[in-house]
Amino acid sequence: MIARRYYTENLRIAFPVILSFAGQQLVQVMDTIMVGRLGAVELSAVSLSSAIITNITMIGLGIAMALTPLTGYHFARNEKSQCNVLFRNSLLLNIIMSVALCGLLFAINPMLRLFGQPQSVLDALDGYYYSVTLSLIPYLIFLTFKQYLEGLGNTFYSMLITLGCNVLNIFLNIGFIYGYMGFPELGVTGAGVATLISRIMMPIAFIIIIFIKKEFKPYFKRQRDNETTSQQILVDSLTCRLVDLLKVGFPIAAQMTLELFSLTFMTIMMGWLGEKTLAANQIAQTMIGFSFMIANGVASASTILVSHDYGRKDINSIKNHAYSAIHLGIAIMICFALLYAFGGEFLARIFSTDEDVIAIATKLFMVVALFEIFDGTQVTALGALRGLTDVKRPMYYALICYILVEIPVGYILGFPFGLGAIGIVGGFMAGLILAATLFLLRFRKLMRAMGE
């Protein structure tokens, strides 16, 4: 029996993260609603652009996320100098990654015409695509600060900044998409410009907060402690920490990219079924992303708390924090499953007025309701594994679940079996079920190895 305090501690850390993630996803929801009012072509343009950009963004996000468990480990051991070295290395690494990923996305754009997407959609997406691509640079800088403070156990300020900038994003959306309040009417491109401006403000806000708040200064000031006795040791530590960030970050990035790649390919397959199916898929994926982000907030809390327990070598707390997070994730996803099962049509009508799009989206929500519990299980179990910096095996599991199972099963059910969009989403469900099973088994194996 897990004590109540473990659930409380998870919720205390998770609540600001959940609000932060929910706020980010709310912007995507508002983008979809606002652009959806322009028409199915415009909504499909956002869907295709988001699928490609989000998939590439996961590379940078995964690298950035390595900072949290590594910082959490040293924070629990009161090693301030090591925390600071990790931050500086991560900031440099993320700046380099953001520029490289922007270049990659710019190169990918002309290739989208090779994937059999409707020409009308391709003609509409450029402005949105390039604006959101450029926003990756300030966004990854922001993530460096966010993941670092989360490793220190502080999730409040990242929530505050995220929510504030999300409000700004929605305000700018209204202006730039429709031309209200004296803004130029840019349509789909306006949604991308709003994202770019709001993301530029995010790292600026973090720098201001860190400058004002004195309690953070020891963790941002370069210093030497007892373990750092010479300049050469400091240089060696810098090199070592850069390697550590890559060793932990690359498998996280690969795992997330593989999962998002499967969703991207699912979007491409939806495009083969026509504009209206692609638009319905955008509605379903927007809501899937929203519910996932809520569970992912709990998973992030699990990563933070488990990393602190790991630094203290407290095996009992590792187990209890992890399993309480998994229980919370399942409970959250049960609520969303009921919402999608019984309110799918209502949700679809919020996003679109096209009856064909609404009908397809409603059917997709029924399938989504079936796999929400497995989605909550796999993401929270994965959060616990990341807290232990166990990231290589989950990367291999992701390859099996999302590439070797999900995509082939989705294609077979969708096309040879003639189930269309429902079959494609059914493939995603198969991958999630297998992922949840493998991540849980991996965590239990590690607990036994650590002397559960």
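A cavity here is a set of grid points where a 1.4 Å probe fits but cannot get out, and its lining residues have an atom within 4 Å of a point. The model on screen is predicted.

**Stop 1: a cavity**

The count comes to two cavities of 30 Å³ or more. Go to the second largest, with a volume of about 30 Å³. To see its lining, select P251, I252, Q255, L382, R386, D390, V391, P394 and M395. Three helices, α10 (231–272), α13 (355–387) and α14 (392–414), each supply at least two of these residues. The largest share, three residues, belongs to α10. By type, the lining holds six nonpolar residues, one polar and two charged.

**Stop 2: the loop between α13 and α14**

Select T389, which is found in the loop between α13 and α14. T389 is not a glycine, yet its phi is positive, at about 55 degrees. Is T389 buried or exposed? Its relative accessibility is 29%, so T389 counts as partly exposed.

A second residue to select is M181, in the loop between α7 (156–178) and α8 (188–212). M181 also has a positive phi, near 55 degrees, and is not a glycine.

**Stop 3: helix α6**

Select residues 136–151, which make up α6. From first C-alpha to last, this helix of 16 residues reaches 22 Å, close to the 22 Å expected. Of the 16 residues in α6, 14 are buried. Just after the helix, G153 has a positive phi of about 90 degrees.

Next, show F87, Y139, F142, F145, Y148 and F206, a cluster linked by ring pairs. At Y139, add R199: its charged end sits over the ring, 4.2 Å from the centre. Another such contact is R5 over the face of Y6, at 4.1 Å from the ring centre.

**Stop 4: aromatic pairs**

The model has 22 aromatic pairs. Select Y73 and Y310, whose ring centres are 5.7 Å apart with planes at 55 degrees, so this pair is tilted. The two residues are 237 apart in the chain, Y73 in helix α3 (residues 67–76) and Y310 in helix α11 (residues 275–312). Y73 is partly exposed at 22% relative accessibility, and Y310 is partly exposed at 23%.

Finish with F290 and F336, an edge-to-face pair with 6.1 Å between centres and 75 degrees between planes. F290 lies in α11 and F336 in helix α12 (residues 315–351), 46 residues apart. F336 has a relative accessible area of 14%, so F336 is buried.

Terms used: Residues numbered from 1 in each chain as written. Predicted model: local features only at pLDDT ≥ 70, side-chain atom pairs only at ≥ 80, totals over all residues. Heavy atoms only, no water. 1 Å grid on protein atoms, 1.4 Å probe; cavity = no way out; pocket = protein on both sides within 12 Å on 5 of 7 lines; lining within 4 Å. Points joined across faces, edges and corners; volume = space filled by probe spheres on them. Helix = DSSP H or I, 4+ residues; strand = E, 2+ residues; numbered from the N terminus. Nonpolar A, V, L, I, M, F, W, Y, C, P; charged D, E, K, R; others polar. Expected span 1.5 Å × (residues − 1). Buried < 20%, exposed > 50% of the residue type's maximum accessible area, 1.4 Å probe, protein only. Phe/Tyr/Trp six-rings, centres within 6.5 Å; stacked < 30°, edge-to-face > 60°. Lys NZ or Arg CZ within 6 Å of the ring centre and 35° of its normal.
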